[in-house]
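Have your viewer open and your selection tool ready. We will go from stop to stop, and at each one you will hear what to pick and what is there.

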Amino acid sequence: MGVQYDWTAPDRAHPTDQPRRLSTIGLPSPVDRDLVGMLRGQAAFSAYAYAFRRDQYVRLDATTLALDRPAQAIAGPWSLPSHWTTVDAVFPGGGKKARFA
């Protein structure tokens, strides 16, 4: 059992059926190891989750975590500075923003 945190709810922490250990999720390659972060898509991208591994990311179906398309380089699609060819961490932000480091 895990916990989902909802910034907008009065009682913010809610039990979920998500696994406690990331390794039990069974993410597809290449993000099945050395994962630096995950983001849930927002607005038009809410059907997807994004998993990051240094210089690559994959888009997953948010419900099944099945790979939606092959791994891609992070720099272009995420509008990051061109000299950012890898990321060390991905932080989901409150609302519609995320941070990369």
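Start by selecting Arg59 and Asp68, which form a salt bridge whose closest N and O atoms are 2.4 Å apart. Bear in mind as you look that this is a predicted model. The two partners differ in how much of them is accessible: Arg59 counts as buried, because its relative accessibility is 13%, while Asp68, at 36%, counts as partly exposed. This is one of three salt bridges in the structure, and we will visit the others shortly.

**Across from Arg59**

Keep Arg59 on screen and add Tyr50, which stands opposite Arg59 of S5. Now show the strands S4 and S5 as a cartoon: they run antiparallel and are joined by six bridges. As background, the strands of a sheet pair through backbone hydrogen bonds, in either a parallel or an antiparallel way.

Next, widen the view to the whole sheet. It is open, has four strands in the order S3-S4-S5-S6, and its pairing is antiparallel. Which strands stand at the edges? They are S3 and S6, each with a single partner strand, so one side of each has no neighbour in the sheet. To see the S6 edge, select Gln56 and Ala73: Gln56 stands opposite Ala73 in S6. Here S5 and S6 pair in the antiparallel sense over two bridges.

**The turn between S4 and S5**

Go back to the hairpin of S4 and S5 and pick Arg54. The hairpin has two residues between its strands, and Arg54 takes a positive phi near 50 degrees. Now add Asp88 to the selection. Arg54 forms a salt bridge with Asp88, and their closest N and O atoms are 2.3 Å apart. This pair links distant parts of the chain, 34 residues apart: Arg54 is in the loop between S4 and strand S5 (56–61), and Asp88 is in the loop between strand S6 (72–73) and strand S7 (90–92). Arg54 is partly exposed, with a relative accessible area of 37%, whereas Asp88 counts as exposed at 53% relative accessibility.

Step to Arg53 for another salt bridge, this time with Asp34, where the closest N and O atoms are 3.5 Å apart. Again the pair links distant parts of the chain, 19 residues apart, with Arg53 in strand S4 (residues 48–53) and Asp34 in the loop between strand S2 (13–16) and strand S3 (37–40). Is Arg53 buried or exposed? With 18% relative accessibility, Arg53 counts as buried.

**Inside: Leu60**

Now select Leu60, which lies in strand S5. Leu60 is buried, with a relative accessible area of 0%. Show its surroundings and you will find contacts, leaving aside residues up to four places away in sequence, that include Leu27, Pro28, Met38, Ala47 and Tyr48. Asp68, from our opening salt bridge, is also among the residues that Leu60 touches. Try a distance from Leu60 to Leu27: their C-alpha atoms are separated by 9.1 Å, although the two are 33 residues apart along the chain.

**Two nonpolar cores**

In soluble globular proteins, nonpolar side chains tend to be buried together. To see the largest nonpolar core here, select its 10 residues: Val36, Leu39, Tyr50, Phe52, Tyr57, Ile74, Leu80, Val87, Val90 and Phe100. Then colour a second, separate core of six residues, which includes Leu27, Val31, Ala51 and Val58.

Leu39 is a handy centre for a view of the largest core, since it is one of the members. Beyond residues up to four places away in sequence, Leu39 touches several others, among them Ala49, Trp78, Phe91, Pro92 and Ala98.

**Two loop residues to finish**

Select Ala43, in the loop between S3 and S4. Ala43 has a positive phi of about 50 degrees although it is not a glycine, and it is exposed, with a relative accessible area of 65%.

For the last stop, pick Leu65 in the loop between S5 and S6. What is the phi of Leu65? It is near 60 degrees, a positive value in a residue other than glycine. Leu65 is partly exposed, with a relative accessible area of 23%, and it is among the residues touched by Leu60.

Technical notes:
Residues numbered from 1 in each chain as written. Predicted model: local features only at pLDDT ≥ 70, side-chain atom pairs only at ≥ 80, totals over all residues. Heavy atoms only, no water. Salt bridge = Lys/Arg side-chain N within 4 Å of Asp/Glu carboxyl O. Buried < 20%, exposed > 50% of the residue type's maximum accessible area, 1.4 Å probe, protein only. Pairing = 2+ DSSP bridges. Contact = heavy atoms within 4.5 Å. Core = buried A, V, L, I, M, F, W, Y, C linked by side-chain atoms within 4.5 Å.
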